[in-house]
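Thanks for coming. I will go through one structure today and keep to what can be read from the coordinates.

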Amino acid sequence: MGGGLLFLGDVFRVAVKKPPSLHIVSEQIWRVTTQSVSTTAMAGFFVGAISTVQFTLQVKEFGALGYLGGLSTSGTIREVGPLLIAFMLSGKVGAFTSAELGTMRVTEQIDAIRCLGANPLQEIILPRFLGIIVSSFFLLAAGLMMSILGGLLMGMVFSGINPDEYLRHIPTIVTWSSIVSGLFKCFVFAFVLASICTYKGYTTTGGAKGVGRSVVNTAVATMVGIVVADWLTSFMGEIAMRLFLGE
């Protein structure tokens with residue numbers, strides 16, 4: 001924990017004093033987004049469909065199927081969407097980044113960068129760190145759109161409601177607080193993931209076996225970290241809404 005905090009402190013200092021070039025960061029954003037968008041979109045589609053089925057069973061007894069689209073979309077934006085994106089990125093991008101940086105460490109490529117007078121935190125860590133955080137918002141948007149599509153199709157097939165009825169109450173139930181909550185959770189989860197995978201990869205030791213250990217440790221630590229962050233952000237979000245919005 002202490003080593004991780006010191007690592008983050010060094011990363012923030014470099015980000016303020018010597019930020020990486022926009023071109024390198026853009027390359028990382030593009031790489032992370034293209035690596036994960038298909039998996040995220042497919043998962044979002046089925047999450048929307050599953051949410052619609054589950055909400056149908058709950059609201060059908062009360063004759064409130066007209067609210068199905070709003071309830072399903074609100075739940076996806078507030079909780080399921082950000083958590084889903086975080087788990088997708090953790091299993092794919094987090095493990096890949098840890099293995100990539102670990103390999104660069106054990107093959108002394110990072111030491112070579114330092115010998116050439118460059119700062120490895122600026123050249124290889126910060127671009128990946130920022131790339132994961134920024135791309136998570138694009139992936140969240142893609143996943144949410146596909147979840148609405150999946151929910152809409154399942155609403156027509158399983159629940160027997162028309163598309164206009166499904167979409168009509170989405171703007172009334174999905175409030176600005178839901179959107180802000182989803183975006184905040186997305187940022188926190190991406191920050192946790194980026195911190196853990198870059199730290200584990202950057203501090204890898206022990207050759208090929210060490211790279212394997214770093215990947216496993218990254219997978220476990222990010223899963224636990226995301227779940228803990230989800231509980232913490234939910235708790236803080238409820239308190240903030242009661243204090244400032246009176247909800």
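Before the first residue, one term: a contact here means heavy atoms within 4.5 Å. With that cut-off, and not counting residues up to four places away in sequence, Ile133 touches Phe187, Ala190, Phe191 and Ala194. I should also say at once that this is a predicted model.

Let me stay with Ile133. The residue is found in helix α5. Is Ile133 buried or exposed? Its relative accessibility is 11%, and the cut-off for buried is under 20%, so Ile133 counts as buried. Sequence distance and spatial distance can be put side by side for this residue: Ile133 and Ala118 are 15 residues apart in sequence, and their C-alpha atoms are 24 Å apart in space.

Ser136 is also found in helix α5. Ser136 is buried, with a relative accessible area of 1%. Which residues does Ser136 contact, leaving aside its neighbours within four places in sequence? They are Ile85, Leu89, Cys186 and Ala190. Ala190 has come up already, as one of the residues that Ile133 touches.

Now the overall picture. The protein has nine helices and zero strands. Read along the sequence, the pattern is α-α-α-α-α-α-α-α-α. The C-alpha trace spans about 70 × 40 × 30 Å along its principal axes. Of the 247 residues, 45% count as buried. As for the contacts, take those between residues at least 6 apart in sequence: 84% of them join residues at least 24 apart.

Next, a helix pair. Two packed helices are described by the angle between their axes and the distance between the axes. Helix α2, residues 22-59, packs with α5 at an angle of about 30 degrees, and the axes are 4 Å apart. Angles under 35 degrees count as roughly parallel, so α2 is roughly parallel to α5. The crossing of α2 past α5 is right-handed. What kinds of residue make up the contact of α2 with α5? There are 22 nonpolar, 16 polar and three charged residues.

On to charged side chains. Side chains of opposite charge can pair when their charged atoms come close. The rule used here asks for a side-chain nitrogen of Lys or Arg within 4 Å of a carboxyl oxygen of Asp or Glu. How many salt bridges does this rule give? The count comes to six. I will take some of them in turn.

Start with Asp10 and Arg13, whose side chains meet in a salt bridge at 2.4 Å, N to O. Both residues lie in helix α1, residues 2-17, and they are three residues apart, about one turn of the helix. Asp10 is partly exposed at a relative accessible area of 32%, and Arg13 is partly exposed at 47%.

A salt bridge also joins the side chains of Glu100 and Arg128, at 3.1 Å, N to O. This pair links distant parts of the chain: Glu100 sits in helix α3, residues 68-106, and Arg128 in helix α5, residues 120-159, with their positions 28 residues apart in sequence. Arg128 counts as buried, at 10% relative accessibility.

Then there is Arg114 with Asp111, where the closest N and O atoms are 3.7 Å apart. Arg114 and Asp111 both lie in helix α4, residues 109-115, three residues apart, again about one turn of the helix. Arg114 is partly exposed at 40% relative accessibility, and Asp111 is partly exposed at 31%. Elsewhere, salt bridges that share partners join Arg31, Glu100 and Arg128 into one network.

The last residue is Gly201. Where does Gly201 lie? Its place is in helix α8, residues 176-202. Gly201 is buried, with a relative accessible area of 0%. Not counting residues up to four places away in sequence, Gly201 touches Ser98, Leu101, Gly102 and Arg105. Gly201 and Ala95 are 106 residues apart in sequence, while their C-alpha atoms are 9.1 Å apart in space.

To go back over the residues outside the salt bridges: Ile133 counts as buried, Ser136 is buried, and Gly201 is buried. That is where I will stop.

Methods: Residues numbered from 1 in each chain as written. Predicted model: local features only at pLDDT ≥ 70, side-chain atom pairs only at ≥ 80, totals over all residues. Heavy atoms only, no water. Helix = DSSP H or I, 4+ residues; strand = E, 2+ residues; numbered from the N terminus. Buried < 20%, exposed > 50% of the residue type's maximum accessible area, 1.4 Å probe, protein only. Axes fitted to C-alpha atoms, helices over the stretch in contact; angles between N-to-C directions. Parallel < 35°, antiparallel > 145°, perpendicular 65-115°, else oblique. Left-handed = near helix turned anticlockwise from the far one by under 90°. Nonpolar A, V, L, I, M, F, W, Y, C, P; charged D, E, K, R; others polar.
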